[in-house]
Amino acid sequence: MKIALCLEYDGRAFHGWQTQPSGNTVQDALEKALSEIAGEPIAVVCAGRTDAGVHASCQVVHFECLAERPLSAWVRGTNTLLPDAVAVRWAQPVADDFHARFSARGRRYRYLLLNRPQRPGLTHGRVGWFHQPLDLAAMQAAAARLLGEHDFSAFRAAECQAKSPVKELREAWVWQAGDHVVFDFEASAFLHHMVRNLVGTLVYIGKGKHSPAWIDELLECRDRKRAAPTFSPDGLYLSGISYEAHWGLPELPAPVLTGI
């Protein structure tokens with residue numbers, strides 16, 4: 001049978017999602033716990049890999065197994081075996097042709113940025129930080145220029161393994177909640193470090209270093225060296241995966257607002 005899971009995790013506790021020889025990744029921890037519940041080796045496939053320090057409020061995975069267990073075993077049982085920083089939200093049987101990655105219609109990321117002179121203490125590691133005042137209207141105008149299908153090479157990490165830098169950005173919102181600035185992005189898929197590079201560039205515009213029209217120049221030049229530096233992973237959350245309704249997945253949790 002094939003099972004889909006939704007989980008959340010605090011990325012500070014792990015060296016990213018993907019399995020590594022050190023074993024200290026979210027995938028390693030999850031596969032170990034699931035294997036113990038199933039009584040057989042379990043391998044999982046995720047909807048979107050996250051880097052070290054990046055969090056998730058909604059990561060979706062699937063796995064196949066021979067063992068039949070109640071759904072409560074895949075949720076509560078697995079959670080008893082997982083590190084405190086990761087938890088399964090729900091489990092759901094899915095059709096044989098479901099694939100956590102390839103069946104996904106889109107992915108959502110949220111970046112939480114504390115914008116005040118003093119660095120974070122209570123939410124250290126769970127929000128980004130910028131000490132200078134930011135122009136919200138300028139960042140909103142710049143974000144609107146990112147919408148649509150573009151070559152995002154200027155926002156792509158050098159080690160990115162995507163076959164094409166062309167992606168369709170469907171949503172790009174910038175809004176304020178107290179002394180936090182929230183960035184929300186939704187696309188069919190993202191390039192490696194793309195969201196962190198977009199946030200860094202919008203912050204440069206927000207602090208007045210460039211006008212919103214700089215976005216057009218960066219998209220046209222396709223040169224990573226001309227965009228802003230990659231922003232910290234601390235405030236980045238994989239906040240949602242969208243699937244067609246016919247897959248019958250439970251309602252996904254709302255995006256996180258940790259620390260606000």
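Helices and strands are DSSP runs, at least four residues long for helices (H or I) and at least two for strands (E), numbered from the N terminus. Two strands pair if DSSP finds at least two bridges between them. The model on screen is predicted.

**Annotated spans.** Select residues 7-102 and 142-244. The unreviewed UniProt entry annotates both stretches as "domain: Pseudouridine synthase I TruA alpha/beta". In residues 7-102, helix makes up 25% and strand 26%, and the end C-alpha atoms are 18 Å apart. Residues 142-244 are 23% helix and 30% strand, with 31 Å between the end C-alpha atoms.

**The hairpin.** Next select strand β8, residues 166-177, and strand β9, residues 180-187. These strands form a hairpin with 2 residues between them. Glycine 178 sits in the turn and has a positive phi of about 65 degrees. The strands run antiparallel and are joined by 8 bridges. To see one position in the pairing, show alanine 172, whose bridge partner in β9 is phenylalanine 185.

**The other partner of β9.** Add strand β5, residues 106-115, which pairs with β9 in the antiparallel sense over 8 bridges. Here leucine 114 stands opposite histidine 180 of β9.

**The faces of β9.** Now show the side chains of β9 alone. How many of its 8 residues are buried? The count is 8 of 8. One side carries His180, Val182, Asp184 and Glu186, and the other carries Val181, Phe183, Phe185 and Ala187. Both faces are covered. Two of these residues were met earlier: His180 opposite Leu114, and Phe185 as the partner of Ala172.

Note on methods. Residues numbered from 1 in each chain as written. Predicted model: local features only at pLDDT ≥ 70, side-chain atom pairs only at ≥ 80, totals over all residues. Heavy atoms only, no water. UniProt positions renumbered as here; feature names shortened; annotations may be inferred. Buried < 20%, exposed > 50% of the residue type's maximum accessible area, 1.4 Å probe, protein only.
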